[in-house]
Amino acid sequence: MRFASNLHAGLLVLLFGSCQNPAPTSTDISTEELTFKLHEINKEALYSSVATMDVDKDGLLDIVHGGTWYEAPDWEPHFVTEVEVINGRPDGYSHLEIDVNQDGWQDIVHVNFRSKSIYWLEHPGAELGEWPKHIVDVPGPMETGRLHDVDGDGQMDLVPSAWEFAAWYEIIPEEKGGELQWVRHEINPEGAGHGSGFGDINGDGRGDYVGTKGWAEAPEDPRNGQWTWHAEFELGRTSMPIVVADVDEDGDSDLIYAIGHDYGVYWEEQSTIDGKRNWTKHLIDSTWSQGHSPLWVDLDNNGRKEFVAGKRYWAHEGKDPGATDPLVIYRYEFDPTQKAFQRYTIQANGPAGTGLDPKAIDLDKDGDLDLVLPGRSGLYWYENLLLSPASD
């Protein structure tokens, strides 16, 4: 196992409040380099995704979680919409912040597994009433989705992580097409499966689609051209996303991912041998399971992004390997001198899971990234104290 472990995590004390009072309780959790303060937003919340946005335009970032938005700074709950519950799970497997209709208010795009639907919740505007729901498509089961600029036009597009298809959705606003449109563009059916990513694999300047059994090379025209499939690896049932980044800083893109329903965090090193692309698999960590939804962000502000990943709580009602193990959250930073990842603990055994769509954002606007974590064990905020007065 190739990681250097930091086990200097502080003792976690859980202070649970009433579910009727979402005001956070908090406790400190430390690492050698970073300290995080845990805030409980609502331990009774069950949604697997979360959005962070200024809902009421008061200059503060709020949290939207399923059928509720929590108003900063005291996290007072407000109604958003009724959310369908299907076989015991609330719909809403992604909470993607984007101004769909370009009216100046951030909307939220949901990509869903059990309803097999894509829909968006329209921000009601200044009156802050119920958010209207608009169905986009019902294409099949999707674990979650992410936003990428697939066609390079400066506008974000939707890339679902789907079991039965691989496609992307272009949003065409009213001023361009006469009415708001969502246009589906096919990628390659070989990309369907449990896990996906997006990034420039071959260095041609275009974003490619990464699946679990290979990658689809983007054509010059991603809307109308053919995406060429390259069956170059077998990753298993991976996280969403599979991160595309030049891990070892050698000029080409590598892959970093976790296994979504089993143990293992890995990176695939890209190299060229005899003129052909080659992938070498490296184990990063095998000590915890269900790393379903990682982030690729810079938490310590050193200019080098980290793979931030944690355990998803009760993904399959305890049937996954390691399901009853402690809930852990780690950040992994690559050390080019050792050519290995260093592991740092954010949560050693705590209440927060990473769900399906966690967010890294400067929630308190103090200059460092915080973590907002949704899941079936509740809704939590890990405040990064790197640049806050509490870290002095």
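The following exercises, each with a worked solution, examine strands and charged residues in a predicted model.

Residues are numbered from 1 along each chain as its sequence is written, and side-chain values use heavy atoms, with hydrogens and water left out. Because the model is predicted, local features need pLDDT of at least 70 and side-chain atom pairs count only at pLDDT 80 or more, while totals for chains, interfaces and linings use all residues.

**Exercise 1. Determine the order of the strands in the open sheet that contains β24.**

Step 1. Strands are DSSP runs of E with at least two residues, numbered from the N terminus. Two strands pair if DSSP finds at least two bridges between them.

Step 2. Strand β23 (residues 254–258) pairs with β24 in the antiparallel sense over 4 bridges. Within this pairing, Ile256 has Trp267 as its bridge partner, and Ala258 stands opposite Val265. The hairpin of β23 and β24 has 4 residues between the strands.

Step 3. Strand β24 is also joined to β25 (residues 276–289), by 10 bridges, and these strands run antiparallel. Here the bridge partner of Trp267 is His282. In this hairpin, 2 residues lie between the strands, and Asp274 takes a positive phi near 55 degrees.

Step 4. The order of the 4 strands is therefore β22-β23-β24-β25, with antiparallel pairing. The edge strands are β22 (243–245) and β25, each of which pairs on one side only. From one strand to the next, the twist averages 20 degrees; the axes are lines fitted to C-alpha atoms, and angles run from 0 to 180 degrees between N-to-C directions.

**Exercise 2. Describe the surroundings of Glu268: is this residue buried or exposed?**

Step 1. Glu268 is found in strand β24 (residues 263–273).

Step 2. Glu268 is buried; this term means under 20% relative accessible area, exposed means over 50%, and partly exposed lies in between (1.4 Å probe, protein chains only).

Step 3. A salt bridge is a side-chain nitrogen of Lys or Arg within 4 Å of a carboxyl oxygen of Asp or Glu. Glu268 has no salt bridge, and the nearest side chain of opposite charge, Lys281, is 4.8 Å away. For charge, Lys and Arg count as positive and Asp and Glu as negative, whereas His and the chain ends are not counted.

Step 4. The side chains of Glu268 and Tyr257 are joined by a polar contact of 2.9 Å. Such a contact is a pair of N or O atoms within 3.5 Å; within protein, one must be able to donate a hydrogen and the other to accept it, and residues adjacent in sequence count only if both atoms are side-chain atoms.

Step 5. Leaving aside neighbours within four places in sequence, Glu268 is in contact (heavy atoms within 4.5 Å) with residues including Leu235, Trp279 and Thr280.

**Exercise 3. Identify the residues that join Arg331 and Glu333 in one salt-bridge network.**

Step 1. Asp300 forms a salt bridge with Arg331, with the closest N and O atoms 3.4 Å apart. Asp300 lies in the loop between β26 (295–297) and β27 (306–310), and Arg331 in strand β28 (residues 329–335), 31 residues apart. Asp300 counts as buried at 12% relative accessibility, and Arg331 counts as buried at 0%.

Step 2. Arg304 and Glu333 meet in a salt bridge of 3.9 Å, N to O. Arg304 is in the loop between β26 and β27, and Glu333 is in strand β28, 29 residues apart. Arg304 is partly exposed at 26% relative accessibility, while Glu333 is buried at 8%.

Step 3. Salt bridges that share partners join Glu249, Asp300, Arg304, Glu306, Arg331 and Glu333 into one network.
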